[in-house]
2 protein chains.
Amino acid sequence: MDDISDLLELDAAGEPLSGRIVQIFQVACRLFAQRGFDGVSMRDIALECGISKATLYHYFPDKDSILRPLAIGTTKSLCLHVSRHDRPDAPPLERLRSFLTETANFFEKFRWAWIAASTVFWSDPKTRARKERIEWRDRYEQLLRDILQAGMDAGELRPMDVKLAGHFVLGSINWMPRWYRPEGALSAAGIADRFCDMIIEGIRAEPPASTPPRRR
Amino acid sequence: MDDISDLLELDAAGEPLSGRIVQIFQVACRLFAQRGFDGVSMRDIALECGISKATLYHYFPDKDSILRPLAIGTTKSLCLHVSRHDRPDAPPLERLRSFLTETANFFEKFRWAWIAASTVFWSDPKTRARKERIEWRDRYEQLLRDILQAGMDAGELRPMDVKLAGHFVLGSINWMPRWYRPEGALSAAGIADRFCDMIIEGIRAEPPASTPPRRR
């Protein structure tokens, strides 16, 4: 079981979440992810939790109040998780691989929350909550840009527009939620590892052995 | 102005769409893209079109009936657009570049429709419509896989899992709608072109001139 309280306790002002609240979050984010925010009613959530609508409303006044902490918590926790695994003194290409595989590990652990959170990223009407979320997303993306810049400074990566390269790298991994199936042959981190190879080395074939070396 | 009727006439059984209907589609898909499907009411759409709610309901019974043709039309037209530009007898790496830049051209031309359509891809409750859309998306993705397979068969691309490589390539381009700004320095196709370089050659720096050649 994904311990979804890991995503949420950060905003709970020190108090552990009750089992009931954790259950509601868990059920709601799976339903949001599978049917879209639009396709889920408070009634659906109560039904799936095996509680009455009145009980659900006792904890949450509406769907927004369930989704918002999930969305902010997911973005913030992803940033903290990846930063915790980053070793600024390691070689930049190792740091890039860690950034990608740890993003994938986080995604795999909190897949429903991730998908639920990302479907509403653009349509959250509460601007303040959205602003806080964008700040965490920006910190996460800045870490990637710092790693790419360090790689260029060290001469290990080509000179590139660091923002553009960052979007390129993130695209490969951020597209995963749309097609990844947990029952597949590779774990999410295993896929991220292959993607990292493609990102670093490209997909062009090595020149065949019969090709003369570039310099004599 | 994006001629949104290009996306829709395909399903209009030969009859050209009236100017009013085109206007409603255009306004609705911009609003859906900017605020999410959830964040837009029939009232908002009527207001923005400068028509009464009664007039809007004369054409469309609900938001779903506006969104669905947009979503199917976008996916179908993308597939047809990219296929039309594909030249199966061209070198595979050229075909890959055309696939990416033509996807980007299509995205830039129909940006609001694309974003509106992709936000609802997962939450469309009408399975039949969804099924038709998935068939068009699958044809589009199959074209990319065919190109990658042709590249491997010709020895121009490394031996790879073609599905995984396809997801990798699509990620870079499918992530664009989340960050692309039309007022930026590069056109969407210009960005896709740079991405194609990174995909083919990787981001690792060339070995410095002082490095001895691999073979003597």
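This passage describes the helices, the core and the pairing of chains in a predicted model.

In chain A, the secondary structure consists of 10 helices and 0 strands, and the order of elements read along the sequence is accordingly α-α-α-α-α-α-α-α-α-α. Of the 216 residues of this chain, 52% count as buried. When contacts between residues at least 6 apart in the sequence of chain A are considered, 66% of them join residues that are at least 24 apart.

An example from the beginning of the chain is Leu8(A), which lies in helix H1 (residues 5-8) of chain A. The relative accessible area of Leu8(A) is 6%, which is under the 20% limit, and the residue is therefore buried. Apart from its neighbours within four places in sequence, Leu8(A) is in contact with Leu17(A), Phe25(A), Pro69(A) and Leu70(A). Between the C-alpha atoms of Leu8(A) and Val22(A), which stand 14 residues apart along the chain, the separation is 8.9 Å.

The largest nonpolar core contains 138 residues, and the members that touch the most others are Ile45(A), Leu96(A), Ile45(B) and Leu96(B). For Leu96(A), the contacts beyond four places in sequence include Leu144(A), Ile147(A), Leu148(A), Val169(A), Cys196(A) and Ile200(A), and they also include Ile203(B), a residue of chain B.

Two packed helices are described by the angle between their axes and the distance between the axes. For helix H6 (residues 92-109) and helix H10 (residues 188-201), both of chain A, the axes come within 8 Å and cross at roughly 150°, and the crossing of H6(A) past H10(A) is right-handed. On the side of H6(A), the residues that make this contact include Leu93(A), Leu96(A), Arg97(A) and Leu100(A), while H10(A) contributes, among others, Ala192(A), Asp193(A), Cys196(A) and Ile200(A). Sorted by character, the residues of the contact of H6(A) with H10(A) comprise 11 nonpolar, 2 polar and 4 charged.

The relation between the two chains was examined by superposition. A turn of 180°, with a shift of 0.0 Å along the axis, lays chain B on chain A with an RMSD of 0.0 Å, and the two copies are therefore related as by a two-fold rotation axis. Among the residues of chain B, the one that comes closest to the rotation axis is Gly202(B), whose C-alpha atom is at 1.8 Å. Because 100% of the interface residues of chain B are also interface residues in chain A, the copies meet through the same surface.

How values were computed. Residues numbered from 1 in each chain as written. Chains lettered and ligands numbered in written order. Predicted model: local features only at pLDDT ≥ 70, side-chain atom pairs only at ≥ 80, totals over all residues. Heavy atoms only, no water. Core = buried A, V, L, I, M, F, W, Y, C linked by side-chain atoms within 4.5 Å. Buried < 20%, exposed > 50% of the residue type's maximum accessible area, 1.4 Å probe, protein only. Contact = heavy atoms within 4.5 Å. Axes fitted to C-alpha atoms, helices over the stretch in contact; angles between N-to-C directions. Helix = DSSP H or I, 4+ residues; strand = E, 2+ residues; numbered from the N terminus. Left-handed = near helix turned anticlockwise from the far one by under 90°. Nonpolar A, V, L, I, M, F, W, Y, C, P; charged D, E, K, R; others polar. Least-squares fit on C-alpha atoms with pLDDT ≥ 70 in both.
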